[in-house]
Amino acid sequence: MSGTGRKHLVRDFNHFITCYLCRGYLIKPTTVTECLHTFCKSCIVQHFEESNDCPKCGIQVHETNPLEMLRLDNTLEEIIFKLVPGLREKEEQQELEFWRKNQPKENGQENLRCPRFGVPDAGGDAGDGGGNEADGAGDDDYHRSDPQIAICLDCLRNTGPSGESTVTDLMKRFIRCSSRVTVGTIKKFLSLKLKLPSSYELDVLCNGEIMGRDHTLEFIYMTRWRLHGENTYPMVLEYRPRIDFG
């Protein structure tokens, strides 16, 4: 690099890495998908308890549930941690202190597990047991930290050759799950709940269009559901026995 190249200071980037609400560095940066403005997760969640509008530009994010239009930006978080010396360590320490103060004591001992950073229990060994503990914590997450979406699963009233419905309604049609769930997973869920044989195939539709197995719920919501202005929340997916057009 040329010796005459300008050196940039962290403050040169403050406009891009600070929160409009708290004026501090973005912690768990969270973007509003309607306008692409980014805030600290805790700041924007607290703001949406009082308003459905973006605090920066004023656009209405969602009529009833603006939290559905938030997405974590893990890439930006890593960039900020690399730009600002000591910020990651400070946040880890503050989060550990929070859990130290707020988690209940079990059997007279403090449980100092921090869910985000995987800090081992106070009574645990530092050897192999600690490593297995951390791995187990990751397995137990079940995508709960993913952005969530609520959907309604409706049965299309298809009838077979005998004139009887070949699939039925779910007892509970409304579910909440990770927005990264695919249509293939939804089909497995339906087969399990409806007790269908493993060879039985289903179609899943949105607005009358058959969705591919690898489509995620977020992709369907962004490209199929919300494009229809008359559609309300939650997103409705319909299912029926697979129709072979071949």
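A cavity here is a set of grid points where a 1.4 Å probe fits but cannot get out. Keep that in mind for the last stops; the model on screen is predicted.

**Stop 1: the annotated span.** Select residues 19–57. UniProt, in an unreviewed entry, lists them as "domain: RING-type". Now mark the two end C-alpha atoms of residues 19–57: they lie 14 Å apart. Colour the span by secondary structure, and 21% is helix and 18% is strand.

**Stop 2: strand β6.** Select residues 148–155. Is this strand largely enclosed or open? Six of the eight residues of β6 are buried, so the rest of the structure largely encloses the strand.

**Stop 3: the partners of β6.** Add residues 174–178, strand β7. β7 runs antiparallel to β6, and five bridges join the two. Pick Ile-149 in β6; its bridge partner in β7 is Cys-177. Next add residues 235–241, strand β10. Here the pairing with β6 is parallel, again over five bridges. Pick Cys-152 and look across to β10: Val-236 stands opposite.

**Stop 4: the cavity.** How many cavities of 30 Å³ or more are there? The count comes to one. The largest cavity has a volume of about 50 Å³. To find the largest cavity, select its lining: Glu-68, Arg-71, Ile-149, Ala-150, Tyr-221, Tyr-233 and Met-235. Ile-149, in this lining, is the residue whose bridge partner in β7 is Cys-177.

**Stop 5: the character of the lining.** Colour the lining residues by type. Five are nonpolar and two are charged, with no polar residue. Glu-68 and Arg-71 are among the lining residues, so show their side chains to see the charged pair, Glu and Arg both counting as charged.

Methods:
Residues are numbered from 1 along each chain as its sequence is written. This is a predicted model: local features need pLDDT of at least 70, side-chain atom pairs count only at pLDDT 80 or more; totals for chains, interfaces and linings use all residues. Side-chain values use heavy atoms; hydrogens and water are left out. UniProt positions are given in the numbering used here, feature names are shortened, and annotations may be inferred rather than shown by experiment. Helices (H or I, at least four residues) and strands (E, at least two) are DSSP runs, numbered from the N terminus. Buried means under 20% relative accessible area, exposed over 50%, partly exposed in between (1.4 Å probe, protein chains only). Two strands pair if DSSP finds at least two bridges between them. On a 1 Å grid over the protein atoms alone, a cavity is a set of points where a 1.4 Å probe fits but cannot get out, and a pocket is an open set with protein on both sides within 12 Å along at least five of seven lines; lining residues have an atom within 4 Å of a point. Grid points are joined across faces, edges and corners, and a volume is the space filled by probe spheres set on the points.
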